Amino acid sequence: SVAVRLLCEREEEIERFVPEERWSISAVFKDDRGRTLEAVLCHINGKKPEIDNEKLAVRIAEQIRESSYSVSKVTKTQIKRSPYPPFTTSTLQQVASYNLRFSPAKTMKIAQDLYEGQDIGTNDRVGLITYMRTDSTRIAKEAQLSARKWIRENLGKDFVPARIPEYKNKKTSQDAHEGIRPTRVELSPEKVKDYLSPDHYKLYDLIWRRFISSQMAKAIIDKVSIDIEGVSSSRRKYRFKAEGRRVEFPGFLKIYQERKEKDHSIPSLQEGEILKLDKIISRQSFTQPPPRYTEATLIKTLEEKGIGRPSTYAPIISTIQQRGYVRWVKGKLIPTSLAKIVNILLVSNFPTVMDVGFTARMEEGLDEIEQGRKKWTNLVKDFYQRFQQDLEKAKINMKNIKEEGLESSSMICEKCGRKMVVKVGRFGEFLACSGYPECKNTKPLNHRLGVKCPMPGCDGEIVEKITRKGKSFYTCTRYPDCKFISWEEPVNETCPYCNFSYLVKTNNGLKCPKCGKSVKNTITREEDLKGVIHQIVKLRKVQIEADSL
């Protein structure tokens with residue numbers, strides 16, 4: 001219930017959000033050898049610039065053009081990046097979601113298989129990883145020594161740190177099991193690949209590399225920061241900053257990277273060196289609302305707030321999807337109307353239980369009972385007395401959505417003339433007569449997209465439906481006579497490359513499901529042209545060069 005509350009509150013933030021216009025200005029400079037360097041405007045007269053409209057951006061760009069520039073400061077530093085700790089249940093689910101696109105339930109199922117044992121060409125099944133339900137990063141001493149030996153023999157002594165890395169557990173960690181690691185370091189992913197399914201191999205490879213990298217030396221990154229200053233004719237000072245970085249020693253990055261570390265080199269300049277302004281670039285952007293939760297970010301938030309334990313993260317997410325509280329759309333978790341109404345009812349009627357900190361406080365109380373500092377009867381009494389009072393009030397005041405429905409609709413029951421209401425059943429929302437139980441008339445509730453079915457000869461309409469696991473898919477109102485089905489939302493646009501009858505929406509625009517090519521800014525309806533052009537002008541990044549001001 002608290003997980004659903006987090007999702008609903010995030011959705012409310014998104015709905016209330018009002019985007020604000022922002023502009024950033026950067027400039028391209030040239031030195032006397034013709035080398036170019038792009039730097040970002042970071043200060044005007046010692047203050048960070050706040051540019052919220054195009055007119056102001058143009059005026060500042062004009063003043064920047066009048067100034068002369070030189071290098072005011074060159075800073076060279078070395079950054080040491082520490083390796084990531086071994087996986088816990090939470091971090092394994094998060095990284096598997098980001099990198100492998102595995103759901104938490106799938107991750108735990110595969111991890112369970114790896115833990116129980118796999119046939120890798122020996123007479124006996126071999127358990128490839130340690131226990132996968134843990135909140136600890138502690139590693140057994142023999143495993144640490146085994147990893148150091150493997151690193152020295154396969155990568156070289158430079159990659160072995162002088163001291164064995166130790167990682168701190170969180171205060172709430174029970175530390176009952178060590179971190180997730182391979183049981184035998186010498187069983188590298190390449191050695192067992194032929195015996196594992198592709199998904200089992202991918203997860204084992206992730207666990208093995210994460211553990212080995214956690215026992216390796218730090219990465220060393222050279223960072224160069226160059227400040228460029230100029231003074232305009234009106235005595236306004238402008239400071240630009242450019243940064244470059246290069247991996248001097250890869251360390252643990254040689255084995256494991258969550259995001260690829262790219263070198264970004266910039267010219268080597270000296271303090272006092274004169275630079276020539278080549279061009280100015282202004283970019284328009286708009287502030288973005290907070291992102292919707294993904295399965296990975298929701299698990300991270302649950303862990304941070306002390307909600308649940310390692311064994312409960314995957315069941316929580318599976319349950320709220322299966323019961324229709326959440327829709328899974330392109331990796332995002334979106335609360336349904338059922339979730340929003342139920343959340344309002346629970347928060348208003350059970351404020352104690354629905355408090356985000358309730359679960360964490362209960363876990364602390366249970367730990368105190370285990371340690372002998374608190375009696376379990378006192379803990380249960382403190383909870384139940386308040387809960388019983390809330391329960392009695394809810395019996396009187398709380399809306400019964402099972403009988404009354406989520407909300408009324410404009411449709412009229414053709415059997416008795418009463419209004420139809422939206423209700424929720426095992427397979428999602430449906431329309432039912434408000435006169436139930438006298439009238440038991442029901443109808444399916446389909447979310448129509450206003451798009452005609454693209455199948456030749458079909459006069460149906462595309463509707464959005466939800467699977468039992470909460471994922472959206474699109475089908476025709478004439479199903480099963482029409483077999484059209486798609487996981488991506490279709491639009492009535494013809495592919496300009498292969499002339500296929502429809503396109504589908506993706507995160508990056510439109511795509512043809514037949515030839516697979518992306519189609520950007522496709523416009524076939526003349527009446528949409530004016531509105532689309534308005535949106536493009538409003539949202540696109542506008543570049544203004546000094547020569548065209």
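Q: In this predicted model, is Asp-175 buried, partly exposed or exposed?
A: A residue is buried under 20% relative accessible area and exposed over 50%, with partly exposed in between. Asp-175 has a relative accessibility of 30%. That value falls between the two cut-offs, so Asp-175 counts as partly exposed.

Q: Which side chain meets that of Asp-175 in a salt bridge?
A: Side chains of opposite charge can pair when their charged atoms come close. For Asp-175 the N to O distance in the salt bridge is 3.0 Å. The partner side chain belongs to Arg-138.

Q: How many residues apart in sequence are the parts tied together by Asp-175 and Arg-138?
A: The two side chains meet in a salt bridge. Asp-175 lies in the loop between α5 (141-154) and α6 (189-192), and Arg-138 lies in the loop between α4 and α5. The pair therefore ties together parts whose separation in sequence is 37 residues.

Q: What is the relative accessibility of Arg-138?
A: Arg-138 counts as partly exposed, a class that lies between the cut-offs of 20% and 50%. Its relative accessibility is 36%.

Q: Which residue forms a salt bridge with Asp-199?
A: The structure holds 29 salt bridges. In the one formed by Asp-199, the closest N and O atoms are 3.0 Å apart. The partner of Asp-199 is Lys-106.

Q: How far apart in sequence are the parts tied together by Asp-199 and Lys-106?
A: The two residues form a salt bridge. Asp-199 lies in helix α7 (residues 198-214), whereas Lys-106 lies in helix α4 (residues 104-116). The pair therefore ties together parts with a sequence separation of 93 residues.

Q: What distance should the 17 residues of α7 span?
A: The expected span is 1.5 Å times one less than the number of residues. The end C-alpha atoms of α7 are 24 Å apart, which agrees with the expected span. For the 17 residues of α7, that expected span is 24 Å.

Q: How many of the 17 residues of α7 are buried?
A: A residue counts as buried under 20% relative accessible area. Asp-199, which lies in α7, has 24% and is partly exposed. The helix is nevertheless mostly covered, and the number of buried residues among its 17 is 13.

Q: In what order do the strands of the closed barrel run?
A: Strands of a sheet pair through backbone hydrogen bonds, either parallel or antiparallel. The barrel has six strands, with antiparallel pairing. Their order is β1-β2-β5-β4-β3-β6.

Q: Over how many bridges do strands β4 and β5 pair?
A: Strand β4 covers residues 219-231 and strand β5 covers residues 237-249. Among the facing residues, Gly-230 has Tyr-238 in β5 as its bridge partner, and Lys-223 stands opposite Arg-245 in β5. The pairing is antiparallel, and its number of bridges is 12.

Q: Which residue in the turn between β4 and β5 has a positive phi?
A: β4 and β5 form a hairpin with five residues between them. A phi of about 65° is found in this turn, at Arg-235.

Q: Is Asp-227 buried or exposed?
A: The side chains of Lys-241 and Asp-227 meet in a salt bridge, with 2.7 Å from N to O. The pair links strand β5, which holds Lys-241, to strand β4, which holds Asp-227. Lys-241 is partly exposed at 31%. Asp-227 has 7% relative accessibility, and the limit for this class is under 20%, so Asp-227 counts as buried.

Q: Which residue in β5 stands opposite Leu-41?
A: Strand β2 (residues 36-44) is joined to β5 by four bridges, and the two run antiparallel. In β5, the residue opposite Leu-41 is Phe-240.

Q: Which strands stand at the edges of the open sheet?
A: The open sheet has four strands in the order β17-β18-β19-β20. An edge strand here has a single partner strand, so one of its sides is left without a neighbour in the sheet. The edge strands are β17 (490-491) and β20 (518-519).

Q: Which residues form the nonpolar patch on the surface?
A: Together the patch residues have about 340 Å² of accessible area. One of them, in helix α12 (residues 376-397), is partly exposed with a relative accessible area of 42%. The patch is formed by Trp-376, Val-380 and Tyr-384.

Note on methods. Residues are numbered from 1 along each chain as its sequence is written. This is a predicted model: local features need pLDDT of at least 70, side-chain atom pairs count only at pLDDT 80 or more; totals for chains, interfaces and linings use all residues. Side-chain values use heavy atoms; hydrogens and water are left out. Patches are made of residues with over 30% relative accessible area and no salt bridge: like charges are joined within 9 Å, nonpolar side chains (Val, Leu, Ile, Met, Phe, Trp, Tyr) within 5 Å. Accessible areas come from the Shrake-Rupley method with a 1.4 Å probe; for residues, only the protein chains shown count as cover. A salt bridge is a side-chain nitrogen of Lys or Arg within 4 Å of a carboxyl oxygen of Asp or Glu. Buried means under 20% relative accessible area, exposed over 50%, partly exposed in between (1.4 Å probe, protein chains only). Two strands pair if DSSP finds at least two bridges between them.
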